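Please open the model in your viewer and show the side chains, since this tour moves from one aromatic ring to the next.

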Amino acid sequence: MEQEYFISTEKKLLNVNAIKTFIADEYWGDGRTLEDVEKTIKNSYCFGIYTSDKEQIGFGRVVTDYIYFGYFMDVIIFEKFQGKGYGKILVEHMLKDDVIKNLKTIALKTKDAQGLYERYGFKTIGDSPLWMSIDKQKLD
C-alpha cells in the first residue's frame, strides 16, 4: 500500500457527490439522483475508506436490521484508487466490523465480482449468476 488510509462509519465524512457520480456510471446505479444517494446513506450502515488527509478512496453500505440480516450494497473504490488493494481492505474491514460479523446472514448481488467475494466466504445462492451470501443461521 503506497499511502496510509483509515476507515470510518462516520457519515459526515462521506463525499456524497463523488459517490453519486461514481454510482451513476455503473450498470447497477442507473438513474440514481443525488437525493436517492443521500436517502440510501441515511438509511444504511455506511463505511468510507479515506487517505490520511481525508480524501475519500471508496465506500460501502449495508442495509441491515443489525441482528439477523445484512445486504452489502454499493461497495465501490473510486477510479484513481482502483487496483491498489483498497477493495479487499474495505470488504475485510466491513466483515470484521462488530455489527456485521454478528449477523446471521449477509447477502449481496454482483454481476462481476464473485471472485472477490468468494475469498471472504460468500457462496452463490442456488443457481443464481448474481446472488451470493454468507449464511450462518442454522435452521434445524
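The stops below follow aromatic ring pairs in what is a predicted model.

Before selecting anything, bear in mind that a pair of aromatic rings is described by the distance of the centres and the angle of the planes. With ring centres within 6.5 Å taken as the criterion for a pair, the count comes to nine aromatic pairs.

Begin by selecting Tyr5 and Tyr86, whose rings form an edge-to-face pair with 6.1 Å from centre to centre and 85° between the planes. Colouring by secondary structure shows that this pair links distant parts of the chain, for Tyr5 lies in strand S1 (residues 5–8) and Tyr86 in helix H3 (residues 86–96), 81 residues apart. Is Tyr86 buried or exposed? Tyr86 is buried, because its relative accessible area of 2% falls under the 20% cut-off, whereas Tyr5, at 36% relative accessibility, counts as partly exposed.

Keep these two residues selected and add Phe81, as Tyr5, Phe81 and Tyr86 form one aromatic cluster.

Next, move to Tyr71 and Trp131, where the aromatic pair is stacked, with 5.6 Å centre to centre and 25° between the planes. Where in the chain do Tyr71 and Trp131 lie? Tyr71 belongs to strand S4 (residues 69–77) and Trp131 to strand S7 (residues 131–135), so that the pair links distant parts of the chain, 60 residues apart. With a surface display switched on, compare the two partners: Tyr71 is buried, with a relative accessible area of 18%, while Trp131 counts as partly exposed at 33% relative accessibility.

Notes. Residues numbered from 1 in each chain as written. Predicted model: local features only at pLDDT ≥ 70, side-chain atom pairs only at ≥ 80, totals over all residues. Heavy atoms only, no water. Phe/Tyr/Trp six-rings, centres within 6.5 Å; stacked < 30°, edge-to-face > 60°. Helix = DSSP H or I, 4+ residues; strand = E, 2+ residues; numbered from the N terminus. Buried < 20%, exposed > 50% of the residue type's maximum accessible area, 1.4 Å probe, protein only.
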